[in-house]
Amino acid sequence: MRRTWVKRVLAVHGALFLLFIYAPIVMVVVYSFNSNPINMMIWSGFTFDWYWTIFGYPTQLNEQTLYVDSTDRLLAAVQNSLIVATSTTTISTVLGTMTALALYRYRFRAQRFYQGLLYMPMVMPDIVLGIALLVFFVSFGMALGLISIIIGHCTFLISYVFVVVSARLAGMDDTLEQASADLGANEWVTFRRITLPQILPGVIGGALLAFIISMDDLVITYFISGVDSTTLPVFIYGMLRRGVKPEINAIATIMLMLSFTIATLGLYFRRRH
Amino acid sequence: MARRGDRRRLALLLGPVTLFLGTCFIGPMAVMIVFSFLEPALYGGVEWSFYHLNYGRILGWADSEWESFDPVYAAIFLRSVRLALTNVVILLVICYPAALWVSGLSARWRTLLVFLTTLPFFVSLVVRLFIWVLILRPTGFLNSSLIGLGLISEPIDIIFTETAVLIGMAYVLLPFMFLPVYASVEKLDRSLIEASSDLGGSPLKTFFRVTLPLTLPGIAAGAVLVFIPSLGNFIVPDLLGGAKVLMIGNLIEQQFLSARNWPFGSALSVMIMVVMFVLIIFYLRQIGRQGANQ
């Protein structure tokens, strides 16, 4: 009797827990179609206009809340984000995978040092890393821009790829590599034909994670981006600081949908392998 | 490694990452620590001389005269610690029962619910916080709904309060508490709980004597993972706390972007880093001790 009562309370709590996570998200999606230009939280009808507005098309609504150049700046920010995310994903996937292989395959004295070194950027609070990078770049006279952002993102994304690939390596079947070597394949052939296909899901998973985190990073980018190198999160943060406009609803909804799609794809990919 | 070929391959694999993290991670940390001991000059520059009063200022002594004690920064530091701790407690209260609930479901539902809980983590931080700005501001969803329902006549002030900051931080950091707690709850040996209730332990007693002690490692991990990013947070207090709820992160941001006192900002960052290291070392030692006991 008593235990079913406990279970019921837990189930109600669970429902509220999910409501706390998802009700705000559902709200922002619904209200991004609200045609009320004065108070965006009072429903006055369905419209697609905010979506047209962010892409710079003239609509009935945006005459009241017109941004002259914000569409260009938004698209430039998206472009910057994509450049940064693809570069950092490539660099950190290669370096992270190499490090994971090295620490998995070889036993050496500095092993624990390397493990610590790779975990450190992940636990370091964003603001500390951002400040440190800013002070570093400025005192060595490096201009703040896309390059500084890419370097900054790589310092912590290598660690994420390293962790994901290491987990995959830990579950790998060593006997296949030994068989390949016994059959006379050289190290490179063994790597390409045996090791790489086995760890590939981990590498792709790590790369996806790195891409998402790089696209989303706000705090570190905020400190080390230059005037012309605003990324999407920094741009939205700036917009929010100046005041809430209905267009941000539409931008938020698009970003929500993109993140959900990428995350779901990532999960699907991981489960298939 | 004895074989020469292995050594060469190891060097090839580790060389690039050593070079990169050496210059672009350890380098910046070192420069920041050096900066925290330099004297701030006028107009944002630094004097290259040893200066300990950046740290003195955090504690309340801005110059060498000991009468000028004014712990305004220490108060902000303490407020940040208090808010971060409160956030840990809030998330524990939210996530622990949820983890218990999820762990009692069928395997299929468990996978789905863990996925649903972590999914928002992949959504941009700004977007997640923007949603709470929309809900909590004076003309926001909460106030509009309450006024629309006739429950209140004047909008209640909730944005730019500590409550708003705590709601935002809990929302943003939820997976960091849920996942470690869930992992330890799921590993729990159910036969121990059944044994306890078979022997006449009430659900409450079973919980406090069996379930809670066994899941303590997960709670500790979640607490550390939530406390560290809460302490240094500046986006949440900036958007939801405004100028009223200043946290250490906002103070650091101000030193770099408006006050232009880089050494002081660096010293504040170093303080956060020290707190983080102390916590992690303490945590690792506790985990090590537990491992030794088992």
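## Chain A: helices throughout

Chain A of this predicted model is built with eleven helices and zero strands. If you walk along its sequence, the pattern reads α-α-α-α-α-α-α-α-α-α-α.

The domain assignment splits chain A into domain 1, covering 2–63, and domain 2, covering 70–242. Measuring between their C-alpha centres, domain 1 of chain A and domain 2 of chain A are 33 Å apart.

## Chain A: dimensions and surface

How does the radius of gyration of chain A stand against that of a compact globule of 273 residues? Chain A has 24 Å, whereas such a globule would have a value near 19 Å. The C-alpha trace of chain A spans about 75 × 70 × 35 Å along its principal axes.

Of the 273 residues in chain A, 52% are buried. Contacts between residues at least 6 apart in the sequence of chain A include 68% that join residues at least 24 apart. The chain exposes about 13,400 Å², and carbon and sulfur atoms supply 66% of that area. Chain A also carries 18 positive and 14 negative charges, and the mean positions of these two sets are 15 Å apart.

## A glycine in helix α4 of chain A

A:G116 is a handy residue to find in the structure: look in helix α4 of chain A, residues 111–123. With a relative accessibility of 36%, A:G116 counts as partly exposed.

For a sense of distance, pair A:G116 with A:Y51. The two are 65 residues apart in sequence, and their C-alpha atoms are 46 Å apart in space.

## Chain B: helices plus two strands

Turning to chain B, you will find 13 helices and two strands. Its radius of gyration is 24 Å, well over the 19 Å that the globule rule gives for 294 residues, so chain B is more spread out than a compact globule. Taken along the principal axes, the box filled by its C-alpha atoms is roughly 80 × 70 × 40 Å.

Buried residues account for 49% of the 294 residues in chain B. Among contacts in chain B between residues at least 6 apart in sequence, those joining residues at least 24 apart make up 63%. About 14,300 Å² of chain B is exposed, with 67% of it supplied by carbon and sulfur atoms. As for charge, chain B has 20 positive and 16 negative side chains, and 17 Å lies between the centres of the two sets.

## A buried serine touching both chains

Is B:S266 buried or exposed? With 0% relative accessibility, B:S266 counts as buried, because the cut-off for buried is under 20% relative accessible area. This serine belongs to helix α13 of chain B, which runs over residues 262–293.

Which residues does B:S266 contact, leaving aside its neighbours within four places in sequence? From chain B there are B:M32, B:F35, B:S36 and B:F256, and from chain A there is A:V135.

## A glutamate in strand β2

B:E47 sits in strand β2 of chain B, residues 46–50. Its relative accessible area is 42%, so B:E47 is partly exposed. Apart from neighbours within four places in sequence, B:E47 is in contact with B:L38, B:E39 and B:A41.

B:F115 gives a useful second point for a distance check. From C-alpha to C-alpha, B:E47 and B:F115 are 52 Å apart in space, with their positions 68 residues apart in sequence.

## Two loop residues with positive phi

Two loop residues of chain B deserve a look at their backbone angles. B:F160 is not a glycine, yet it has a positive phi of about 65°. B:F160 lies in the loop between α6 (141–148) and α7 (162–187) of chain B, and at 37% relative accessibility this phenylalanine counts as partly exposed.

Where is B:R260 placed in chain B? You will find B:R260 in the loop between α12 (248–257) and α13. Its phi is near 55°, a positive value in a residue other than glycine. B:R260 counts as partly exposed, at 39% relative accessibility.

Definitions and conventions:
Residues numbered from 1 in each chain as written. Chains lettered and ligands numbered in written order. Heavy atoms only, no water. Helix = DSSP H or I, 4+ residues; strand = E, 2+ residues; numbered from the N terminus. Rg over C-alpha atoms; globule rule 2.2 N^0.38 Å. Buried < 20%, exposed > 50% of the residue type's maximum accessible area, 1.4 Å probe, protein only. Contact = heavy atoms within 4.5 Å. Areas by Shrake-Rupley, 256 points an atom, 1.4 Å probe, with all protein chains shown as cover. Lys, Arg positive; Asp, Glu negative; His and termini not counted. Charge placed at Lys NZ, Arg CZ, Asp CG, Glu CD. Domains from an automatic or database assignment.
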